[in-house]
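Thanks for making the time this morning. I would like to walk through one structure with you, a helix at a time, and then finish with the cysteines and a single asparagine.

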Amino acid sequence: MSQEISICWLRRDLRLEDNAALYHALRNEYPVLILFIFDKNILNKLSDRYDPRVTFIHDTIRQLKDELDKNGSSMLVLYDTPEQAWSAVVRKYNIKAVYTNHDYEPYARERDDALAEFLRSEDIIFKTFKDQTIFDRDELLKSDGKPYTVFTPYYREWQKKLTPFYFRRYPTERYFKNLWKTAPADLPSIEELGFSRSDKALPSREFEHKLQSYEQDRDFPSADATTHIGIHLRFGTVSIRRAVAKALEHGAHKWLSELAWRDFYMMILWHFPHTVSQSFKPAYDQIEWRNNESEFNAWCRGETGFALVDAGMRQLNATGFMHNRLRMLTASFLTKHLLVDWRWGEAYFAEKLLDYEMASNVGGWQWACGCGNDAAPYFRIFNPELQLLKYDPKLEFVSKWIPELKQQMHVTPIVEHAFARERALRTFKKALNTAS
């Protein structure tokens, strides 16, 4: 009979160092084979065959595989649906246990529940661990046992509970000797996955140099003062524990709170999975959206006539990144000024953002719209012109992304702010009155 092994399945935790599931797998009694599946259920839904996220994942998997090859092991990399992949893996190997890290999105939960049932039928142990958050699921609850739905009291408890125990590093490299010794395995080419390599620049993993000035400069898009590690947290190439440790080391308290927001939204998604497609506050599902497609397309292209909104959208389209303040502004503009359903905008961001993370994106869009938990009230409507005066007064950022501004050839605004504001207030108020 073939050798008994454990498998560590990487998904959103694409690193060998400081990886909870890998640490526990390596300390188990069986040698460990690392698995990654290019999931057809996910990849087949991507419309852009040059999607830079696929290039990022493929390059990362290649690096991990090379590192494992140097350690006398390898990585099993498959291109399939998880159901078919696991059926094949179980037939090929003598697996005693499977280790992986928690995932909180609805599709991932269904996938993992199905896998747990399948492995149970094969008499294989299935263990999952917390890795992409500091506190998850039920670790921070109110005194009545219910989840927090407002960030401020949640963050107060988050800080109170944050001891070094929660961001200690998992020393996986001490146990690399327990990797399964096997010949190098094949890696499917990116073309075999149905994609081509993207030439978009991808952010570095280095972020510490941004922490000192983050709080002071983070709201000014021309300063480029944010860390750009969203994609690394999204795919786990940077450990959340390392990020928190560095935030504390540098006294970057505002940045630390942003990491806590990420935990918060993942906890919300876990407890309220319906918010992926419905408003956290049901009354807001009564809003009569205009959903004008030509106006939505103008917003997508960055041609609304509002310079800071348009510059943000053009930055997103060109780079896959958008400054955080501009995410709030563009989302508010779409849902309030144009009365386009927040789900349209959320889906567009999901398609374009390198660091797209369902929990934070859905949470952010519902916050901007006013329909989410802990949301800005519906009557808070950003004035794009005042935002420009406050956050890009010298027009440094908008001039970069809207060169026609210099010739005063930028398009005429598609809506007038005061009119749009009053229209939004009437529409939202009517929806809330109807629901009550």
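The buried residues of helix α3 are Pro-52, Arg-53, Val-54, Thr-55, Phe-56, Ile-57, His-58, Thr-60, Ile-61, Leu-64, Lys-65 and Leu-68, and I should say at once that this is a predicted model, so please hear everything that follows in that light. In general, an α-helix has 3.6 residues a turn, so residues three or four places apart point the same way. As for what lies over these buried residues of α3, the cover includes the strands β1 (4–10), β2 (32–39) and β3 (75–80), together with the helices α2 (40–43), α8 (230–235) and α14 (342–352).

The length of α3 can be checked as well: the helix runs over residues 52–70, and because its 19 residues should span 27 Å at 1.5 Å a residue, the 27 Å between its end C-alpha atoms agrees with expectation. After α3 comes Gly-72, whose phi is positive, near 80°.

Let me turn to a pair of helices, α10 (residues 253–271) and α15 (residues 358–369), whose axes come within 8 Å and cross at roughly 90°; the two are therefore roughly perpendicular to each other. On the α10 side the contact is made by Arg-262, Tyr-265, Met-266 and Leu-269, and these meet Met-358, Ala-359, Ser-360, Gly-363, Gly-364 and Trp-367 of α15. Sorted by class, that contact has 6 nonpolar, 3 polar and 1 charged residues.

What does a search of the whole structure find in the way of disulfides? It finds 0 of them. Cys-371 is accordingly in no disulfide, and its nearest cysteine sulfur, which belongs to Cys-369, is 3.8 Å away, whereas a disulfide would need the two sulfur atoms within 2.5 Å. Cys-371 is buried, with a relative accessible area of 0%, and Cys-8, at 0% relative accessibility, also counts as buried.

Finally, the asparagine I promised is Asn-317, which is found in helix α12 (residues 307–319). Is Asn-317 buried, partly exposed or exposed? With a relative accessible area of 23%, Asn-317 is partly exposed, given that buried would require a value under 20%. Leaving aside residues up to four places away in sequence, Asn-317 touches Lys-200, Cys-300, Arg-301, Tyr-348 and Lys-352. The C-alpha atoms of Asn-317 and Glu-351 are separated by 9.9 Å, although the two residues are 34 residues apart along the chain.

Technical notes. Residues are numbered from 1 along each chain as its sequence is written. This is a predicted model: local features need pLDDT of at least 70, side-chain atom pairs count only at pLDDT 80 or more; totals for chains, interfaces and linings use all residues. Side-chain values use heavy atoms; hydrogens and water are left out. Helices (H or I, at least four residues) and strands (E, at least two) are DSSP runs, numbered from the N terminus. The expected span of a helix is 1.5 Å times one less than its number of residues. Buried means under 20% relative accessible area, exposed over 50%, partly exposed in between (1.4 Å probe, protein chains only). Contact means heavy atoms within 4.5 Å. Axes are lines fitted to C-alpha atoms, for helices over the stretch in contact, and angles run from 0 to 180 degrees between N-to-C directions. Angles under 35 degrees count as roughly parallel, over 145 as roughly antiparallel, 65 to 115 as roughly perpendicular and the rest as oblique. Ala, Val, Leu, Ile, Met, Phe, Trp, Tyr, Cys and Pro count as nonpolar, Asp, Glu, Lys and Arg as charged, and the others, Gly among them, as polar.
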